[in-house]
Amino acid sequence: MSDKLKVESATMPAGGWGSVKEVTNILLHEHVPLKDSRLLMKQNKPDGFACVSCAWAKPANPHPFEFCESGAKATAWETTSKAIGASFFDRHTVTELESWSDHELENQGRLTEPLRWDAASDKYRPVAWDTAFAEIGAALRACDREQVVFYASGRASLETSYMYQLMARMYGNNNLPDSSNMCHESTSVGLKKTIGVAVGTVGLNDFEHTDCIFFFGQNVGVNSPRMLHQLQEARKRGVQIITFNPLRERGLVSFTNPQSPIEMLTGQETPISTQYHQLKPGGDTAVLMGLCKAVLARDDEARAGGAQRVLDMPFLQEHTHGFEAFEASVRACSWPAIEAESGLTRSAIEGAADVYCKSAAVMAVYGMGLTQHRQGVQNVTMLVNFLLVRGNIGKPGAGVCPVRGHSNVQGQRTVGITEKPELAPLDQLKAQYGFEPPRKTGMNTVEACEAILAGKVPAFIALGGNFVRAVPDTVRMEAAWRRLPLTVQISTKLNRNHVIHGQASYILPCLGRIEIDRQRGTPQSVSIEDSTSCMHGSRGMAEPAAATLLSEPAIVAGLAKATLAPNPNVDWDAWVADYSRVRDAIETTFPSIFRDFNERMWTPGGFRKPLGAAERVWDTPSKRAEFTVPAMLQADADADSPDPAALRLFTVRSDGQFNTTIYSNEDRFRGVSGSRMVLFMSPVDMARLQLADGDLVDLATAVSDDAPRHVRGLRVVAYDVPEGCAAGYYPECNPLIPIWHHALESKVPAAKSIDVLVRRTASS
Ligand SMILES: Nc1nc2c(c(=O)[nH]1)N[C@H]1C(S)=C(S)[C@@H](COP(=O)(O)OP(=O)(O)OC[C@H]3O[C@@H](n4cnc5c(=O)[nH]c(N)nc54)[C@H](O)[C@@H]3O)O[C@H]1N2
Ligand SMILES: Nc1nc2c(c(=O)[nH]1)N[C@H]1C(S)=C(S)[C@@H](COP(=O)(O)OP(=O)(O)OC[C@H]3O[C@@H](n4cnc5c(=O)[nH]c(N)nc54)[C@H](O)[C@@H]3O)O[C@H]1N2
Ligand SMILES: [Mo]
């Protein structure tokens, strides 16, 4: 892959011919055989497999091609015919592999054999499955059981995840951090507190009934492109879409449906956003306060003129608690403060509020732009306040819609992967399996990082993911990671977390979800939960990358049997032989969610878990939806530098990546290719700091701390970013984010705001 940076202005719509070209390119690049490229027809179909890319809902009546450019890339990346043979590790020491990029590592193709790091040669060497399990089991039995960490990335199925949490609890702790700890945990905390469910209330049907959609900090064209179909249909009905995002993201500007021959031939585009507000990163609470302030003003006018109230008074009275205190805080908040913190004018915010006040059913869609801040939970609860004032939760076409990341990240929480014992059915597990589940709160991601930095973790087991690359504070974390006595990674592809490893290190390669998973000759299926709380079955359809691979359930069972004392109530082998028995066990543990699980999992469109808030049943202490008073307008006061030269950096994804998996150096929607080492800056700041396009710069974290933090050698790209901010790519910019800079309450690393100083690189 060349690292020559090319910058062009990007004006294409999301979708369109560009996406067709991208899909063709990746299929060719990954040497996906024709029969496997036909797999795309089965993606997200009721009788097919659930896409391994994002978690967006899968409709009951899918499009002929219910996949998008991002999903096709993820499928090609998993079904690639490239594979890592034993000779690869003969040729490369692990120290040498440390200098490889994320792309180069994963681009070697699928891992095919279990591997153990050999200290003498500094190479990974093949090891028999049984030996690997026995050695890991022996090591785990000798560890301090309270300190071992069981991480999960959000791709593993409901079946695997259920087995994994049971293994951790039978082992003796609740240390079950999940990728959602870096992602939508602010949602889980904020929504639970205010509306009594930890997940969104919007379902696919709501898109057909809504009048207006507010979009905060979610890049739909890249991260959940299938939602563009719902947005396009809504736009064609005249639905207003009002976007708040510091960047003008292409998918939020316009879309050409690649599945519509007419649109493709005529180059017809649907404009997506009807209003686009480029707020400052971290300005969302201020914007939402402004919106609510404008709603109150309109309500005051209506009352004075004897017109119909703008506030939904019957809803407020019957269904909510705490409105008066919230109203007082909004009235006390001044417009100059709102304008200063949001970077938007009062009239722009009032313009958006006017549409809100005229709309009967409004939904709010959001992503990492809200959750990854110091006040990430407050951002979510402010969004709830905004919806509640006009009764926009629990009626058709209205509601809150957090767009989840990994394809089963929400489901993992549902089946018990959580560090919070109060969220797991511990008494039920005790009754079902006859063991004493640990009651102590476990470590989440940030706490696991802190324990690793403090040298307190004896072993780290990872069900997927690329933990050390995904977490903040890369330099400090990598140094501490190397001191871990044992690391075990269940993975499909080689990544940084394998080459930066513990003193004993194992890689356990697994089947991916798209592959046929045969147990005793019988193909098995698995299930996942999408972003709208619908459960779907998924059948693997491609031949496995290698006969030596084990499925994730088989690996978890192998580890469990080698580590735990036998328990007559848990028959790991029977579960692996037939996954429907795992589903029966899940149904026993969670009867109200998974009733008739094995039958219902193939329902087209999935079956939905019960969601009180969607029916206006509020599972909160007051049994009403709770208004909350924001503590402050600033989203990241802890990361604010007094230095006037500091810029507020936020990290984003490109369409050439899935998290730390870098498919290519392309970011076609932002017109950048050839390199990811770029810093998007406003021309105003460039002039102020005397920088020109293409200049080479170093960044240093600007908030005082013991450890200096740098990223060196970024190229400046002039871009339409609000003044005073800059954007860079995740994970390349992660060394700049201190581990202590995380959301209050949810502890999601605050990757969307850190003040940095920009210096010209000495040699340039
Ligand atoms: N192709 C692809 N799909 C993916 C992923 C991927 O990497 N690639 N990752 C998956 C995962 S795990 C997740 S969690 C999701 C992530 O999907 P998103 O939630 O879309 O996350 P990001 O790409 O990090 O950026 C979010 C958007 O927030 C904007 N933003 C940044 N700061 C702020 C702010 O303070 N306020 C507001 N209002 N906006 C802000 C950014 O400009 C960007 O457009 O996508 C999932 N889907
Ligand atoms: N600065 C910054 N940091 C961030 C973010 C950000 O926006 N900015 N986003 C955060 C978010 S939202 C998230 S979710 C995390 C992501 O953190 P993770 O979920 O830990 O990371 P991924 O990059 O998704 O993991 C990729 C690896 O998963 C493995 N894998 C892929 N498929 C499978 C499979 O089917 N089974 C198994 N066992 N392994 C598989 C492959 O080996 C691959 O290398 O990063 C977080 N970090
Ligand atoms: Mo995520």
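Me: Let's start with ligand 2. Which polar backbone atom is 2.8 Å from a nitrogen atom of ligand 2?
Reply: For a polar contact, look for a pair of N or O atoms within 3.5 Å; within protein, one must be able to donate a hydrogen and the other to accept it, and residues adjacent in sequence count only if both atoms are side-chain atoms. Here, the backbone atom belongs to Ala-470. Two side chains also reach oxygen atoms of ligand 2: a polar atom of Glu-106 at 2.6 Å and one of Ser-153 at 2.7 Å. The protein covers 96% of the 930 Å² of accessible area that ligand 2 has on its own; such areas come from the Shrake-Rupley method with a 1.4 Å probe, and for residues only the protein chains shown count as cover.

Me: Before we go on, what am I looking at?
Reply: This is a predicted model, where local features need pLDDT of at least 70, side-chain atom pairs count only at pLDDT 80 or more, and totals for chains, interfaces and linings use all residues. Residues are numbered from 1 along each chain as its sequence is written, chains are lettered from A and ligands numbered from 1 in the order in which they are written, and side-chain values use heavy atoms, with hydrogens and water left out.

Me: Which residues come nearest to ligand 2?
Reply: A residue is near a molecule if one of its heavy atoms lies within 4 Å of it. Of the 32 residues around ligand 2, the nearest are Glu-106, Tyr-151, Glu-552, Thr-660 and Tyr-730. Helix 25 (467–470) and strand 17 (486–491) each give at least two residues to this shell. Helices (H or I, at least four residues) and strands (E, at least two) are DSSP runs, numbered from the N terminus.

Me: And how does the shell around ligand 1 divide into nonpolar, polar and charged residues?
Reply: Ala, Val, Leu, Ile, Met, Phe, Trp, Tyr, Cys and Pro count as nonpolar, Asp, Glu, Lys and Arg as charged, and the others, Gly among them, as polar. Around ligand 1 there are twelve nonpolar, 14 polar and four charged residues. Polar side-chain atoms of Asn-223 and Arg-653 lie 2.8 Å and 2.7 Å, respectively, from an oxygen atom of ligand 1. The protein covers 99% of the 920 Å² that ligand 1 has on its own. Domain 3 (185–407) and domain 4 (638–760) each provide at least three residues of this shell; their bounds come from an automatic or database domain assignment.

Me: How many disulfides are there in the whole structure?
Reply: You'd look for a pair of cysteine sulfur atoms within 2.5 Å. The search finds zero. For Cys-143, the nearest cysteine sulfur is that of Cys-449, 18 Å away. For Cys-357, it's that of Cys-292, at 9.8 Å.

Me: Is Gln-690 buried or exposed?
Reply: Buried means under 20% relative accessible area, exposed over 50%, and partly exposed in between (1.4 Å probe, protein chains only). Gln-690 has 65% relative accessibility, so it counts as exposed. Gln-690 also has a positive phi of about 55°, although it is not a glycine. Asp-596 has a positive phi too, about 50°, and at 32% it counts as partly exposed.

Me: Which residues does a cis peptide bond join?
Reply: Check omega: the bond between Tyr-730 and Pro-731 is cis, with omega about 5°. Pro-731 sits in the loop between strand 31 (725–729) and strand 32 (754–760).
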